[in-house]
Amino acid sequence: MIEPDHELVARVRAGQREAFAQLITRYQARIFHTTFRMLRNREDAEEAAQDTFVRAYRGLARFREDATFSTWLYRICCNVCLNYLEKKRTARPWPAAVALEHLPAAEAPDRDFAQRERAALVEQAMADLPDHFRNVLILYHTQQLPYQEIAEILGLPLNTVKTHLFRARALLRRRMLQAMPQEELLSEVM
């Protein structure tokens, strides 16, 4: 039986460090995925994920449990990433490898190439979005978090999250239409 987060938190507070190791195991993949999507660099993402867990461990005594542990952890993660982005304000191009590593192999080489090109365009368009739009898109679409949890994580009103998501999608769509070759755009319509 899987022990609930709140019980693991209680055990950590009682001095059982191995309970925190279980929380790390439970959330490490999701936290790394979030840091990687937000920071767009594997080294920075690994460092930010580790920093997230260190800060969570140190701050566990102050965790009030008015939110779930996962919401609290994602909030720490987003704050860590935003701090990293603030420190490295220089814009870096979104690595094309990010788009390629998650694609399934296609049977036809032409189709595979087209999928990779489209994925690279999406990734580049996402990289060019303002941070507040990109963060909401990442939490909603890749982490599949509900609006309310995103609002809690980012410290935003619920309607602001919905507005950011709507505007981010519209801006992403507009940038994709501008970036797509005309021939491909016509073939999509036809």
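## Reading an all-helix model

Biologist: At what angle do the axes of helix 7 (residues 131-142) and helix 9 (residues 158-179) cross?

Modeller: Roughly 100 degrees, and the two axes come within 9 Å. Bear in mind that this is a predicted model.

Biologist: How do I turn an angle into a word? Which word fits helix 7 and helix 9?

Modeller: Use a range. Angles from 65 to 115 degrees count as roughly perpendicular. Helix 7 and helix 9 are therefore roughly perpendicular to each other.

Biologist: Which residues of helix 7 and helix 9 meet?

Modeller: On the helix 7 side, look for H132, F133, V136, L137, Y140 and H141. They meet V161, H164, L165, R167, A168, R169, L171 and L172 in helix 9. Sorted by class, this contact holds 9 nonpolar, 3 polar and 2 charged residues.

Biologist: Why do residues three or four places apart point the same way in an α-helix?

Modeller: An α-helix has 3.6 residues a turn, so residues with that spacing point the same way. Now go back to the contact: F133, V136, L137 and Y140 are among the helix 7 residues in it.

Biologist: What about helix 8 (residues 147-154) and helix 9: at what angle do their axes cross?

Modeller: Roughly 105 degrees, with the axes coming within 8 Å. That makes helix 8 roughly perpendicular to helix 9. Helix 8 contributes Y147, Q148, I150 and A151 to the contact, and helix 9 contributes L158, V161, K162 and L165. The classes here are 6 nonpolar, 1 polar and 1 charged.

Biologist: Let me step back. How many helices and strands does the protein chain have?

Modeller: It has 10 helices and 0 strands. Along the sequence the pattern reads α-α-α-α-α-α-α-α-α-α. The protein chain has 190 residues, and 40% of them count as buried.

Biologist: What share of the contacts with a separation of 6 or more joins residues 24 or more positions apart?

Modeller: That share is 65%. A67 and E149 give a pair to look at: they are 82 residues apart in sequence, yet their C-alpha atoms are 8.9 Å apart. A67 lies in the loop between helix 3 and helix 4. It counts as partly exposed, at 23% relative accessibility.

Biologist: How do I check the length of a helix? What should helix 3 (residues 42-59) span?

Modeller: Allow 1.5 Å a residue; the 18 residues of helix 3 should then span 26 Å. The end C-alpha atoms are 25 Å apart, which agrees. Try helix 7 as well. Its 12 residues should span 16 Å, and its end C-alpha atoms are 15 Å apart, which also agrees.

Biologist: Which residues of helix 3 are buried?

Modeller: Buried means under 20% relative accessible area. In helix 3 that covers D44, A45, A48, A49, D51, T52, F53, A56 and G59. These buried residues pack against helix 2 (17-39) and helix 4 (69-87). Take A49: at 9% relative accessibility, it counts as buried. Leaving aside residues up to four places away in sequence, A49 touches I31, F32 and T35. A49 and V80 are 31 residues apart in sequence, with C-alpha atoms 8.4 Å apart.

Biologist: Which residue caps the N-terminal end of helix 3?

Modeller: N41 does. One of its side-chain oxygens lies 3.0 Å from the backbone nitrogen of E43.

Biologist: What sits in the loop between helix 2 and helix 3?

Modeller: R40 lies there. Check its backbone: phi is positive, about 60 degrees, although R40 is not a glycine. R40 is buried, with a relative accessible area of 12%. F36 lies in helix 2, and at 7% relative accessibility it counts as buried. The C-alpha atoms of F36 and E46 are separated by 7.7 Å, with their positions 10 residues apart along the chain.

Biologist: Where is E65, and is it buried or partly exposed?

Modeller: E65 is in the loop between helix 3 and helix 4. At 40% relative accessibility, it counts as partly exposed. Its phi is positive too, near 60 degrees, and E65 is not a glycine. Then look just after helix 7, where Q144 takes a positive phi of about 55 degrees.

Conventions
Residues are numbered from 1 along each chain as its sequence is written. This is a predicted model: local features need pLDDT of at least 70, side-chain atom pairs count only at pLDDT 80 or more; totals for chains, interfaces and linings use all residues. Side-chain values use heavy atoms; hydrogens and water are left out. Helices (H or I, at least four residues) and strands (E, at least two) are DSSP runs, numbered from the N terminus. The expected span of a helix is 1.5 Å times one less than its number of residues. Buried means under 20% relative accessible area, exposed over 50%, partly exposed in between (1.4 Å probe, protein chains only). Contact means heavy atoms within 4.5 Å. A polar contact is a pair of N or O atoms within 3.5 Å; within protein, one must be able to donate a hydrogen and the other to accept it, and residues adjacent in sequence count only if both atoms are side-chain atoms. Axes are lines fitted to C-alpha atoms, for helices over the stretch in contact, and angles run from 0 to 180 degrees between N-to-C directions. Angles under 35 degrees count as roughly parallel, over 145 as roughly antiparallel, 65 to 115 as roughly perpendicular and the rest as oblique. Ala, Val, Leu, Ile, Met, Phe, Trp, Tyr, Cys and Pro count as nonpolar, Asp, Glu, Lys and Arg as charged, and the others, Gly among them, as polar.
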